[in-house]
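Work through the exercises below with the sequence and the coordinates side by side. Each task is followed by a solution that goes step by step.

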Amino acid sequence: MSIVANLGAGNDGIGFGNDAEGFSSQLASLGIDGLPPEDVDALQDAIDAVANGVTRFSLPGSLVITMDGGSDVVGIIGTVGGSVTANLGSAPTGFMTGNALMIGGTEAAYASRVGGSVSVVGGAQDDAVELLGTTVVGGVAAALGNGDNFLGLEGSSIGWLTYTGGSGDEEVDAADLRVRYGVSIVAGSILLPNPVMDRERIRI
């Protein structure tokens, strides 16, 4: 079983996971206001009502996400047996008014796994892609296009990385990233606060 999500026009937010607090923390990590506590509780109640006691999101197949006009955010906490493919589409320009995709989180409980690869295509707007504490059996391919883009891979383990930027400023944070095969980064203007080839921060 796979999931295909088309977010259409407008500003949208969607979380794939069984933990409302985890999704709220993902929003906060992306610089977006998290959910108020009462909304977190209500969302968790709604999840529990349909999850039949299952506390961990697990998808045996792949996840395909298509965003459109508007600022959209997608969060994933759990296991995707296949691949994650995301087309970030178009959005207004400006910091954190573009589109964002986040897998995993800063806490051990939010550690996630993708059995295939993660492929992300951005547009002309600002895009943010973060994998935190995430294992990707395959590789990560991110072509984020023009705009000021951010790719974060902190505390994750991946097969390989291919990153292609555009004409804007590119920031790559690869703190404590483990790469099993190789890395390719092509960008017009790149900022590396944690140099991607520093072997104390990235292992190849």
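Helices (H or I, at least four residues) and strands (E, at least two) are DSSP runs, numbered from the N terminus. The model is predicted, so that local features need pLDDT of at least 70 and side-chain atom pairs pLDDT 80 or more, while totals for chains, interfaces and linings use all residues. Residues are numbered from 1 along each chain as its sequence is written, and side-chain values use heavy atoms, without hydrogens and water.

**Exercise 1.** Determine which element supplies the largest share of the negative patch.

Solution. A patch takes residues with over 30% relative accessible area and no salt bridge (a side-chain nitrogen of Lys or Arg within 4 Å of a carboxyl oxygen of Asp or Glu), and like charges are joined within 9 Å. The members here are E21, E38, D39, D41, D45, D48 and E107. Helix α2 (residues 37–51) contributes 5 residues, the largest share.

**Exercise 2.** Place E107 and classify its accessibility.

Solution. E107 lies in the loop between β8 (99–104) and β9 (112–114). Buried means under 20% relative accessible area, exposed over 50%, and partly exposed in between (1.4 Å probe, protein chains only). E107 is partly exposed because its relative accessibility is 45%.

**Exercise 3.** Do likewise for A42, and relate A42 to A20.

Solution. A42 belongs to helix α2 and, because its relative accessibility is 46%, counts as partly exposed. Its C-alpha atom is separated by 8.8 Å from that of A20, 22 residues apart along the chain.

**Exercise 4.** Summarise the whole protein.

Solution. The secondary structure comprises 2 helices and 19 strands, and 45% of the 204 residues are buried.

Conventions. Patches are made of residues with over 30% relative accessible area and no salt bridge: like charges are joined within 9 Å, nonpolar side chains (Val, Leu, Ile, Met, Phe, Trp, Tyr) within 5 Å. Accessible areas come from the Shrake-Rupley method with a 1.4 Å probe; for residues, only the protein chains shown count as cover. Lys and Arg count as positive and Asp and Glu as negative; His and the chain ends are not counted. The place of a charge is taken as NZ of Lys, CZ of Arg, CG of Asp or CD of Glu.
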